[in-house]
Amino acid sequence: MKKLSRSVYTPISTLNKNLLHRLRENDTSLIRIIFSSRNLGSQGVNILTQALRTNTNLRELDLTSNSIGSEGAHCIALLLQHQAKNMIASGNNSEEPRGIKTLIIGDNNLRDAGVKAMAEALEKDIMLENLWIDDNFIGASGFALLARALQKNSKLKRLHIRHNSFQSLSPLITCTFDKQSLNSVADSNHTLKHVFLNCGYSYDCEELEIILKINRMGKVEARRKKIALFLEEDLGRLLQIDMNPKLLPRLLGILAQHGSISTLFRVSQHLPSEMLVCVDDPMEVDDPMDVEYISL
C-alpha cells in the first residue's frame, strides 16, 4: 500500500469544514500543512488559527504569500501563546512540548506592526523553534522589537529574515551578547543558532556569526564562553563585581575553561589577598560553576 503523505497542500477553496474538523480533532496525519500563495488574507488565517487552538499535532505551518498583514500576524501570535499556555497548564514537564515548531510567514506584508505581534509572542518563550519572516517590509523599529523579544526567548533556533528594510544588525548582536554588564551578558540569548540574511551587512554579519557559533556550543557553554570573553576584554570588570568572595573560584573556572592562560595569570596577579584565600578554600557546592551563583 502506498504511504500517505503527511503534508497537506490546500488552496483556500478547500479550507472547508472537513479540513477544519480534522484540525480541531487533532488528526495525527496532519503534522505539516502548506498554504502558500492561497490568498487566505487575515480572515482566512483567523478561521485557521481558531481551528488550531485545540490541535497539538501540527508541527509546521507554511503561510507564505497570503497577504495576512498585521491582523493575520496577530491571530498567529495569539495561537502560539495559547499553545504554550496549554503546555504549561498540563504540568507534564517530561513530555516533549507539542504544537507548532516551524512557522513560515514570508512575503505577507507584516511590516513593523505585524512583527510587534510576533515579538510579543516570542517574548513569552513560546515553543517555536524555526521562524521565516523574509520579505515583510520590516524596518528598524520592528527589528529592534524582535531582537528585544529574543533576548527573553530560549526556544527559537533558526531565524530567516532576508529582504527586509532594516539597515543594521546591532539590535540582534546586542540581543545575543549584551556587554552592558556581567548580568546582561548572562541574560543574553544563548540559544539562537542560525540567522539567515541577505547581503549588505558585511561587518555586522561577521560579528553576529561569531556569536552564533558560540551559541551552537549549547546554552550553558555559550553563556560561560561569553562571560570569559567579556572579562577578557577588560579584566578590571572582575574586580568591580560585588559578590561573595567564595564564589570567585567558579568565575575563575570559567576563565580557565574558556579564556586564556595569560588572562588567568594576569587576574591572579591583581586579586586582593583576601580573595586569594577564598580560592584556596572554595565554597562547597554540588553544582558546577555557573553565572547564576554570581550576584551583582
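**Exercise 1. Is A144 buried or exposed, and what is its relative accessible area?**

*Solution.* Begin with the kind of model: this is a predicted model, in which local features need pLDDT of at least 70 and side-chain atom pairs count only at pLDDT 80 or more, while totals for chains, interfaces and linings use all residues. Residues are numbered from 1 along each chain as its sequence is written, and side-chain values use heavy atoms, with hydrogens and water left out.

Next, locate the residue: A144 is found in helix α5, where helices (H or I, at least four residues) and strands (E, at least two) are DSSP runs numbered from the N terminus. Then apply the cut-offs, by which buried means under 20% relative accessible area, exposed over 50%, and partly exposed in between, with a 1.4 Å probe and protein chains only. A144 has a relative accessible area of 17% and is therefore buried. Finally, look across the sequence: S168 is 24 residues away from A144 along the chain, and their C-alpha atoms are 9.8 Å apart in space.

**Exercise 2. Describe the protein chain as a whole.**

*Solution.* First take the secondary structure, which consists of 13 helices and seven strands. Second, consider burial: the chain has 296 residues, and 46% of them count as buried. Third, turn to the surface, where the chain exposes about 14900 Å², with carbon and sulfur atoms supplying 51% of it; such areas come from the Shrake-Rupley method with a 1.4 Å probe, and for residues only the protein chains shown count as cover. Fourth, examine the contacts (heavy atoms within 4.5 Å): among those with a separation of 6 or more, 79% are between residues 24 or more positions apart.

**Exercise 3. Find the largest nonpolar core and examine one of its residues.**

*Solution.* A nonpolar core is a set of buried Ala, Val, Leu, Ile, Met, Phe, Trp, Tyr and Cys residues joined through side-chain atoms within 4.5 Å. The largest one here has 63 residues, and those with the most contacts inside it are L61, I105, L131, L159 and I161. Helix α3 (residues 69-90) gives the largest share of this core, namely seven residues. Taking I105 as the example, and not counting residues up to four places away in sequence, we find that I105 touches L63, I68, I76, L110, M118, L131, W132, I133 and N136.

Helix α3 also holds Q81, which counts as buried at 19% relative accessibility. Beyond its neighbours within four places in sequence, Q81 is in contact with A121, K124 and I126.

**Exercise 4. Describe how helices α4 and α5 are placed with respect to each other.**

*Solution.* Two packed helices are described by the angle between their axes and the distance between the axes. Axes are lines fitted to C-alpha atoms, for helices over the stretch in contact, and angles run from 0 to 180 degrees between N-to-C directions. For helix α4 (residues 111-123) and helix α5 (residues 140-150), the axes come within 8 Å and cross at roughly 5°. Angles under 35 degrees count as roughly parallel, over 145 as roughly antiparallel, 65 to 115 as roughly perpendicular and the rest as oblique. Therefore α4 and α5 are roughly parallel to each other.

The residues that meet are D112, V115, K116, A119, L122 and E123 in α4 and S141, G142, L145, L146, A149 and L150 in α5. By class, this contact has seven nonpolar, two polar and three charged residues, where Ala, Val, Leu, Ile, Met, Phe, Trp, Tyr, Cys and Pro count as nonpolar, Asp, Glu, Lys and Arg as charged, and the others, Gly among them, as polar.

**Exercise 5. Follow L150 and A147 to their partners further along the chain.**

*Solution.* Start with L150, which lies in helix α5 and counts as buried at 1% relative accessibility. Its C-alpha atom is separated by 8.4 Å from that of T176, which is 26 residues away along the chain. Leaving aside neighbours within four places in sequence, L150 is in contact with L122, L156, L159, L172, C175, N189 and L192.

Continue with A147, whose place is in helix α5 and which is buried, with a relative accessible area of 3%. Between A147 and P171, 24 residues apart in sequence, the C-alpha to C-alpha distance is 5.7 Å. With neighbours within four places in sequence again left aside, A147 is in contact with P171, L172 and C175.
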